[in-house]
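Trainee: I am new to this structure and would like a close look at one part of it. Please start with the nonpolar core and go on from there.

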Amino acid sequence: MALKRIRSHGERTGVERTDVTIRRHTFTLDEPVAAGGTDTAPTPLEYVVGALNGCVTVLVDLVASDLGIAVEHVVSTAVAEQDRDGIAGVPGVRTHFTSVRLDVQLTSSAEAGALEQLAAEVERRCPMVNLLRDAQVEVDVVWTAA
């Protein structure tokens with residue numbers, strides 16, 4: 001087992017606003033004005049969606065290297081759906097996402113079979129895809145290549 005520990009520090013810096021420090025990086029979490037925040041930064045769940053984009057890109061680079069596949073460019077777009085009744089306190093409604101669709105567009109000269117293998121391996125190894133799936137979020141990843 002090769003455990004990795006990730007440590008973060010969060011401090012309230014306004015109503016519904018938090019500054020977070022991880023290693024030497026700092027970012028802010030906030031809520032839209034309509035939700036009681038000041039809309040100065042993404043929400044915590046928006047960071048989760050963005051983390052999915054980033055995680056898949058990292059895994060494409062890693063797995064492509066492992067498989068000897070050249071990938072020139074990666075573009076991804078994610079759309080997550082959440083039933084707001086959950087955080088409003090309605091019993092039996094999940095508070096997190098119900099579904100996520102992730103479109104990943106690869107630019108590569110590799111053959112279709114190699115790109116299919118790359119996509120399958122990325123989905124198998126991506127921590128964010130598996131975190132969401134383990135939370136029983138319906139995750140649909142659509143791969144296209146140019």
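**The nonpolar core and what shares its helix**

Mentor: The largest nonpolar core has 27 residues, and those touching the most other members are L52, V56, V60, V71, L106 and L118. At least two residues of this core come from each of α1, β4 (73-82), β5 (97-107), α2 (112-125), α3 and β6 (138-145). With 8 residues, α1 supplies the largest share. Such a core is a set of buried (under 20% relative accessible area, 1.4 Å probe, protein chains only) Ala, Val, Leu, Ile, Met, Phe, Trp, Tyr and Cys residues joined through side-chain atoms within 4.5 Å. Helices (H or I, at least four residues) and strands (E, at least two) are DSSP runs numbered from the N terminus.

The model is predicted: local features need pLDDT of at least 70 and side-chain atom pairs pLDDT 80 or more, while totals for chains, interfaces and linings use all residues. Residues are numbered from 1 along each chain as its sequence is written, and side-chain values use heavy atoms, without hydrogens or water.

Take L52 as an example. Beyond its neighbours within four places in sequence, L52 is in contact (heavy atoms within 4.5 Å) with A78, V100, L102, M128, V129 and L132.

Helix α1 also takes part in an aromatic pair. The whole structure has 1 aromatic pair (ring centres within 6.5 Å). It is formed by F27 and Y47, 4.9 Å centre to centre with 40 degrees between the planes, and is called tilted because the angle is neither under 30 degrees (stacked) nor over 60 (edge-to-face). F27 sits in strand β3 (residues 25-29) and Y47 in helix α1 (residues 44-67), 20 residues apart, so the pair links distant parts of the chain. F27 is partly exposed (from 20% to 50%) because its relative accessibility is 26%; Y47, at 29%, is partly exposed as well.

F27 appears again in the largest pocket, an open set of 1 Å grid points with protein on both sides within 12 Å along at least five of seven lines, whose lining residues have an atom within 4 Å of a point. Its lining has 15 residues, and I6, I22, R23, F27 and A51 lie nearest the centre. Two or more lining residues come from each of β3, α1 and α3 (127-134), and α1 gives the largest share, 4 residues. The volume of this pocket is about 540 Å³.

The second largest pocket has a volume of about 220 Å³. Its lining includes P44, L45, E46 and V49, and α1 gives the most to it, with 4 residues.

Methods:
Rings of Phe, Tyr and Trp (its six-membered ring) pair if their centres lie within 6.5 Å; planes under 30 degrees apart count as stacked, over 60 as edge-to-face and the rest as tilted. On a 1 Å grid over the protein atoms alone, a cavity is a set of points where a 1.4 Å probe fits but cannot get out, and a pocket is an open set with protein on both sides within 12 Å along at least five of seven lines; lining residues have an atom within 4 Å of a point. Grid points are joined across faces, edges and corners, and a volume is the space filled by probe spheres set on the points.
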